[in-house]
Amino acid sequence: MKAAVLHGPEDIRCEELPLPKMGKGDVLVKTKAVGICGSDVPRVWGRAAHFYPIVLGHEISGEVVKVGKEVKKFSPQDRVAIIPLIPCFSCSACQQGQYSSCKNYSFIGSRRDGGFAEFVSVPEKNLIKLPEKMSFEEGALIEPASVALYALMRGEFKGGESIAILGLGTIGMLVLEWTKLFGAREILCFDVVEEKLKIAQKLGADLCVDSGKRHLESTVSHILEEGVDLVVETVGIPATQLQALELVRPRGRVVYVGTPHKNVEFTPEQFEKILRKEISITGSWMSYSAPFPGKAWNLSTRFLAEKRIRADILISHRFNICQIRKAFEVMADSSVFSEKVMILF
Ligand SMILES: [Zn+2]
Ligand SMILES: [Zn+2]
């Protein structure tokens with residue numbers, strides 16, 4: 001089969017691999033669509049991969065072609081999305097339904113081979129059936145949609161509240177779509193890329209702020225004065241991590257979902273904001289809850305199938321598997337606008 005194999009930093013190649021091995025409880029899926037996640041970018045251009053060689057890709061949809069002897073719920077030709085986390089289901093975290101804190105987990109596309117290949121083998125429990133009217137591209141967006149929804153669940157977002165979304169990558173856009181559905185009072189979006197702010201406007205954001213522009217203070221002065229109920233930080237850089245504490249109202253909530261890559265430095269005044277405003281700070285990691293894979297996954301599947309969460313507007317580029325290097329270049333190049341980049345088979 002054709003696969004994109006990462007051999008080392010910056011060394012990703014399209015090559016022939018044997019079909020993946022299958023256990024009795026495994027299902028062989030023919031890949032149809034795989035999204036490139038922001039977390040894959042430092043795995044390719046940096047040193048974030050766990051080992052080499054590896055096939056990345058964890059936002060996967062496809063069609064079942066073969067099932068192991070012990071597989072009960074799936075059969076060939078079923079259209080599916082893949083749930084990438086493989087928890088042990090027996091450690092104390094798993095027993096409490098906190099699967100993303102599992103001590104002995106594996107992960108399709110980062111700790112074992114993933115979806116940037118024509119076929120991928122996964123345990124039966126790691127599949128979700130696609131509703132009939134759902135496309136494979138929508139199927140590949142269930143994972144990021146669930147991450148966005150889970151962040152809002154962690155932040156206990158309720159209809160009627162105001163929210164600031166920092167960063168308009170796929171997760172930020174999906175947070176915007178969910179809060180629109182939940183009936184937010186006011187949605188404020190921050191990014192430095194004009195094209196992204198335009199998409200956010202189309203998706204119904206009330207105020208789109210270019211954080212790179214000068215006079216930011218005056219644009220958002222009314223927000224700074226009152227503060228918003230909830231801030232969701234999706235970028236993971238110090239500027240937005242600190243900005244979140246400025247934008248939130250007293251006794252408001254901040255959810256950090258963007259994976260951090262740099263040291264964060266607080267001045268005493270900045271840190272004191274947490275104390276003075278009595279801010280509740282929450283982290284959000286992946287999207288799992290009991291019963292596995294959880295509510296965020298079930299709702300994402302349903303809302304994407306019903307087109308109540310829009311997928312089309314979020315996909316900026318489509319490539320085939322042998323163009324994988326080009327696809328990763330697009331994602332790393334800040335002079336080229338990109339949102340969700342999809343690999344299609
Ligand atoms: Zn991801
Ligand atoms: Zn576990």
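In the predicted model, C91 is buried, with a relative accessible area of 11%. C102 is also buried, at 5% relative accessibility. Both cysteines coordinate the zinc ion (ligand 2) through SG. C88 (SG) and C94 (SG) are the other donors, and the coordination distances run from 2.3 to 2.4 Å. Angles among the 4 donor atoms span 103 to 119°, and the site is tetrahedral. The range falls inside the 85 to 135 degrees required of four donors for that label. Along the sequence, the donor residues follow the spacing C-x2-C-x2-C-x7-C. C91 sits in the loop between β6 (85-86) and α2 (92-95), while C102 sits in the loop between α2 and β7 (106-107). The pair therefore ties together parts that are 11 residues apart in sequence.

Salt bridges number 19 in the structure. One of them joins R253 to E161, with the closest N and O atoms 2.9 Å apart. R253 belongs to strand β14 (residues 248-256), and E161 to the loop between α4 (142-154) and β10 (162-166). Parts that are 92 residues apart in sequence are thus tied together by this pair. R253 is buried, with a relative accessible area of 13%. E161 is buried as well, at 9%. The two residues do not stand alone: K158, E161 and R253 are linked in a network of salt bridges.

A further salt bridge pairs R185 with D229. Here the closest N and O atoms are 3.6 Å apart. R185 lies in the loop between α5 (170-182) and β11 (186-191), and D229 lies in strand β13 (residues 228-233), so the contact ties together parts that are 44 residues apart in sequence. The partners fall into separate accessibility classes. R185 is exposed, at 51% relative accessibility, whereas D229 is buried, at 10%.

E306 forms a salt bridge with R302. The closest N and O atoms of this pair are 3.3 Å apart. E306 counts as partly exposed, with a relative accessibility of 28%. R302 is likewise partly exposed, at 49%. That value stays below the exposed class, because exposed means over 50%.

A nonpolar patch is present on the surface. V264, F266, F271 and L275 make up this patch of about 350 Å². F271 is located in helix α10 (residues 268-276). With 43% relative accessibility, F271 is partly exposed. Membership in a patch requires over 30% relative accessible area, and F271 meets that cut-off at 43%.

Notes:
Residues numbered from 1 in each chain as written. Chains lettered and ligands numbered in written order. Predicted model: local features only at pLDDT ≥ 70, side-chain atom pairs only at ≥ 80, totals over all residues. Heavy atoms only, no water. Donors = N, O, S within 2.8 Å, 3.2 Å for Na, K, Ca; no water. Tetrahedral: all angles 85-135°; square planar, octahedral: opposite > 155°, others 65-115°. Helix = DSSP H or I, 4+ residues; strand = E, 2+ residues; numbered from the N terminus. Buried < 20%, exposed > 50% of the residue type's maximum accessible area, 1.4 Å probe, protein only. Patch = residues over 30% accessible without salt bridge, like charges linked within 9 Å, V, L, I, M, F, W, Y side chains within 5 Å. Areas by Shrake-Rupley, 256 points an atom, 1.4 Å probe, with all protein chains shown as cover. Salt bridge = Lys/Arg side-chain N within 4 Å of Asp/Glu carboxyl O.
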